[in-house]
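Here are my notes on the model, point by point. Have the sequence and the coordinates open as you read.

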Amino acid sequence: MITIKKRCLLWNWTNTANLPHTIESLNFNGPISSVANWNAWSPPELKNSLPFRPTVRGMDQLTDPNEWGMISNNEHAIVHYFNEPERAGITPEKAAEMWMEKMVPLRKEKGKKIVGPGCASDDAGEKWLDEFMERVCKMGEKPDYLGLHYYGPDGGAAIEYIKKM
């Protein structure tokens with residue numbers, strides 16, 4: 001039997017603050033392959049049990065030296081870029097500019113893989129992502145992975161959304 005290990009555990013900062021010991025009950029030999037928390041810092045309770053995937057959640061993680069240092073100066077192989085930027089007031093133009101300035105050098109100089117912006121699964125999110133992807137693809141610097149969010153109770157609709165994207 002083959003175990004597929006493509007699942008990233010989303011470990012919210014509130015778990016670190018309120019329930020850090022619960023991570024010890026996870027099966028680190030199962031299908032979970034990494035952990036992310038929408039932040040630059042790795043949950044200390046993770047204790048290197050799985051690879052951590054830091055997130056450039058917004059502009060602060062690109063401009064604050066401490067936040068950027070946690071993202072760029074580490075052993076983490078994959079970095080997530082922007083969480084719902086269309087809802088945070090970040091334009092596709094600014095995101096593409098910062099992509100070229102900050103994220104592309106991470107890939108070229110440090111060998112990191114970059115997950116593209118995770119936009120919401122609504123018209124605004126799709127439009128934003130289309131504009132961003134058009135810009136970075138024209139520059140020959142598309143993401144290594146596509147970050148997607150899907151909101152809704154219909155599994156079939158989620159599959160169709162993923163196929164479409």
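1. The lining of the largest pocket splits into 16 nonpolar, nine polar and four charged residues. For that split, Ala, Val, Leu, Ile, Met, Phe, Trp, Tyr, Cys and Pro go in the nonpolar bin, Asp, Glu, Lys and Arg in the charged one, and the others, Gly among them, in the polar one. Bear in mind that this is a predicted model: local features need pLDDT of at least 70 and side-chain atom pairs count only at pLDDT 80 or more, while totals for chains, interfaces and linings use all residues. Residues are numbered from 1 along each chain as its sequence is written, and side-chain values use heavy atoms, with hydrogens and water left out.

2. There are 29 lining residues in that largest pocket, and Cys8, Leu10, His80, Gly147 and Leu148 lie nearest its centre. Two or more residues each come from strand E1 (7–10), strand E2 (32–36), strand E4 (78–81) and helix H6 (155–164). Helices (H or I, at least four residues) and strands (E, at least two) are DSSP runs, numbered from the N terminus. The space inside is about 810 Å³, a volume being what is filled by probe spheres set on grid points joined across faces, edges and corners. As for the pocket itself, on a 1 Å grid over the protein atoms alone, it is an open set of points where a 1.4 Å probe fits, with protein on both sides within 12 Å along at least five of seven lines; lining residues have an atom within 4 Å of a point.

3. How many salt bridges does the structure hold? Twelve, counting a side-chain nitrogen of Lys or Arg within 4 Å of a carboxyl oxygen of Asp or Glu. One of them pairs Arg87 with Asp122 at 3.1 Å, N to O. That pair ties together distant parts of the chain, 35 residues apart: Arg87 is in the loop between E4 and helix H4 (92–110), Asp122 in the loop between strand E5 (113–115) and helix H5 (123–138). Arg87 counts as exposed because its relative accessibility is 52%, whereas Asp122 is partly exposed at 28% (buried is under 20% relative accessible area, exposed over 50%, partly exposed in between; 1.4 Å probe, protein chains only).

4. Arg135 and Glu93 form another salt bridge, also listed at 3.1 Å, N to O. Here Arg135 of helix H5 meets Glu93 of helix H4, 42 residues away in the chain. Both ends are partly exposed, Arg135 at 34% and Glu93 at 35%.

5. Within H5, Lys138 bridges to Glu134 at 3.4 Å, N to O. The two sit four residues apart, about one turn of the helix. An α-helix has 3.6 residues a turn, so residues three or four places apart point the same way. Lys138 is exposed at 67%, and Glu134 is partly exposed at 49%. Elsewhere, Arg107, Lys108, Glu141 and Asp144 are joined into one network by salt bridges that share partners.

6. On helix H3 (residues 65–72), the buried set is Glu67, Trp68, Gly69, Ile71 and Ser72.

7. Two backbone angles are worth a look. Most residues other than glycine have a negative phi. Lys47 has a positive one of about 50 degrees and lies in the loop between E2 and E3. Phe82, in the loop between E4 and H4, has a positive phi near 60 degrees. Lys47 is exposed at 59% relative accessibility, whereas Phe82 is buried at 2%.
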